[in-house]
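Visitor: I am new to this structure and should like to be guided through it. May we begin once it is in view?

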Amino acid sequence: MKRIFFTILVTLFLTSVNSQVVQSRILKVNPANVDKFETAVAKKTKMYNSKKGQPRWVTFQILTGPNAWHYVRMQIAQSVGEFDNVDKVGNAYWQKNVGPLHSSEGNSMWKISKNATYTPKVPKRLNHRRIIFYNYKQSHRKNFWRFRNRSKNTLEQMGYENRVGVMYCVSGCNGNWVQVRFHNKDFTGEDENWKKRPKFIEKYEELYGEGSHEEDLDRMYESLMLNGRRIRHVKRLPELSSPWN
């Protein structure tokens, strides 16, 4: 089960509002090789993943959980078909210069849920992420998605400042895995935004009726598989990632 979740963890939020698909993996690096690894990844990214028409890659460092302080490297695409276009030159450079500095684990694909993802009118380019992974029962999917879709609408009505991305796994996962990604500046910003929770609940019940938040939240939790909720933190590394769109 732990290995399955490691595979799930390799996928992270979409850095572009218009991005539709993510394919990624965990990169494990010996502490002695961290500086060399980061330098090599930054150089490869600048050469092969920083211009228009080149594959887009993003690198995150994992902050919590079993793989803390290792990395996630992901390719972002508009459709699954883009993964057929293999960057042979860039990949060869990676294998020669970065490959010896890490071991790779897992691969999975996720798609953005447009009905559940909230993006403010003026998106902020923030590097800190709090991620909640959910695994829901197929028979309870309506209860799970009701809360997520209503949450998006509530954030829109609030005029919430930060993006909340939601993606569902399409390959490489066992079960109905979903990740909800809260964008923040840092841990302090996360704590400040958490204090807005009462306003979120107030707006939710204004939209859907008194007591609706607790009722929908309880049904969402009841929809989950055993151990179907996990929390992780990661941070985007700008120098090791393609430029923002």
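Visitor: At what angle do helix H2 and helix H3 pack?

Guide: This is a predicted model, in which local features need pLDDT of at least 70, side-chain atom pairs count only at pLDDT 80 or more, and totals for chains, interfaces and linings use all residues. Residues are numbered from 1 along each chain as its sequence is written, and side-chain values use heavy atoms, with hydrogens and water left out. Helices (DSSP runs of H or I, at least four residues) and strands (E, at least two) are numbered from the N terminus. With axes (lines fitted to C-alpha atoms over the stretch in contact, angles running from 0 to 180 degrees between N-to-C directions) lying 10 Å apart, H2 (residues 34-48) and H3 (residues 88-97) pack at about 165 degrees.

Visitor: Why is H2 described as roughly antiparallel to H3?

Guide: Angles under 35 degrees count as roughly parallel, 65 to 115 as roughly perpendicular, over 145 as roughly antiparallel and the rest as oblique. The angle of H2 to H3 is about 165 degrees. That angle makes the pair roughly antiparallel.

Visitor: How many residues of the contact of H2 with H3 are nonpolar?

Guide: Contact means heavy atoms within 4.5 Å. Among the participants are Val-41 and Met-47 of H2 and Tyr-93 and Trp-94 of H3. Besides two polar and two charged residues, the nonpolar ones (Ala, Val, Leu, Ile, Met, Phe, Trp, Tyr, Cys and Pro; Asp, Glu, Lys and Arg are charged, the others, Gly among them, polar) number seven.

Visitor: How is H4 oriented to H6?

Guide: The axes of H4 and H6 come within 9 Å. They cross at roughly 105 degrees. The crossing therefore makes H4 and H6 roughly perpendicular.

Visitor: Which element supplies the largest share of the largest nonpolar core?

Guide: A nonpolar core is a set of buried Ala, Val, Leu, Ile, Met, Phe, Trp, Tyr and Cys residues joined through side-chain atoms within 4.5 Å. The largest has 19 residues, and Tyr-134, Phe-144, Trp-145 and Met-220 have the most contacts inside it. Strand E5 (128-136) and helix H7 (212-222) are among the elements that each supply at least two residues. The largest share, four residues, comes from H4.

Visitor: Is Met-225 buried, exposed or partly exposed?

Guide: Met-225 is found in strand E8 (residues 224-236). Buried means under 20% relative accessible area, exposed over 50%, and partly exposed in between (1.4 Å probe, protein chains only). Because its relative accessibility is 40%, Met-225 counts as partly exposed.
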